[in-house]
Amino acid sequence: MQSSNDTRIHPTAVIDEGCEIGCGTSVWHFTHIMSHSRIGHNCNIGQNVVISPDVTIGNGVKIQNNVSLYTGVTCEDDVFLGPSCVFTNVINPRSFISRKNEYRKTLIKKGATIGANATIVCGHTIGEYAMIGAGAVVTKDIPPYSLWTGNPARQRGWVSRAGHKLTFDKQGTAVCPETGERYIMENNQVKQAK
């Protein structure tokens, strides 16, 4: 591993010119980070990951093995991307038609989790602390703190910041069993209580 400013890059990784990689980040075997990508501090980029040009990754992001992040994807801080999850950036790709001017943006908000082998169709936002189950296919915007599974993905409930399923009482409040944090549901939206 090459090391600089607490950044660790495996010798088999390919880092193109013009990339920014924050302190404390590790980049593992056979990963390719393309030009003008920005990766924050204290990230872990697993084996055989592809990060296309102009992708932005926040601080504390964990990207597991075999993930592909294409141009147009932004991950905010503390996002978790499970093994082999996939992002797209064109809605109707054809090998014989160039659609680089049609890339659609995908935003993964702070603390969200994308499960193993999930597919995120481009042009959508995954809300803060949302959880996408393994193998799910996301075809729409996902509200904060919501839990989605299946193909196409459907909402199965709500989760806390710590990733536990929430059960709301008649007053629309729930408590995380791990942290004791309180959550409020108003107008079918969940937020953490102050």
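Which residues form one aromatic cluster? In this predicted model, the cluster is made up of Y129, Y145 and Y183, and the ring-pairing rule gives a count of 2 aromatic pairs.

One of these pairs joins Y129 to Y145: the ring centres are 5.5 Å apart and the planes meet at 20 degrees, so the pair is classed as stacked, given that planes under 30 degrees apart count as such. The contact links distant parts of the chain, since Y129 sits in the loop between β19 (125-126) and β20 (131-132), while Y145 lies in the loop between β21 (137-138) and β22 (146-149), 16 residues apart. Y129 is buried, with a relative accessible area of 13%, and Y145 is likewise buried, with a value of 9%.

Y145 also pairs with Y183, and here the ring centres are 5.4 Å apart with the planes at 65 degrees, so the arrangement is edge-to-face. This pair, too, links distant parts of the chain, with Y145 in the loop between β21 and β22 and Y183 in strand β25 (residues 182-186), 38 residues apart. Both Y145 and Y183 are buried.

Turning to the cysteines, the count comes to 0 disulfides, a disulfide being a pair of cysteine sulfur atoms within 2.5 Å. For C19, the closest cysteine sulfur belongs to C43 and is 13 Å away, which is too far for a bond. C75 is in no disulfide either, the nearest cysteine sulfur being that of C85, at 8.2 Å. The residue C75 is itself buried, with a relative accessible area of 1%.

Technical notes: Residues numbered from 1 in each chain as written. Predicted model: local features only at pLDDT ≥ 70, side-chain atom pairs only at ≥ 80, totals over all residues. Heavy atoms only, no water. Phe/Tyr/Trp six-rings, centres within 6.5 Å; stacked < 30°, edge-to-face > 60°. Helix = DSSP H or I, 4+ residues; strand = E, 2+ residues; numbered from the N terminus. Buried < 20%, exposed > 50% of the residue type's maximum accessible area, 1.4 Å probe, protein only.
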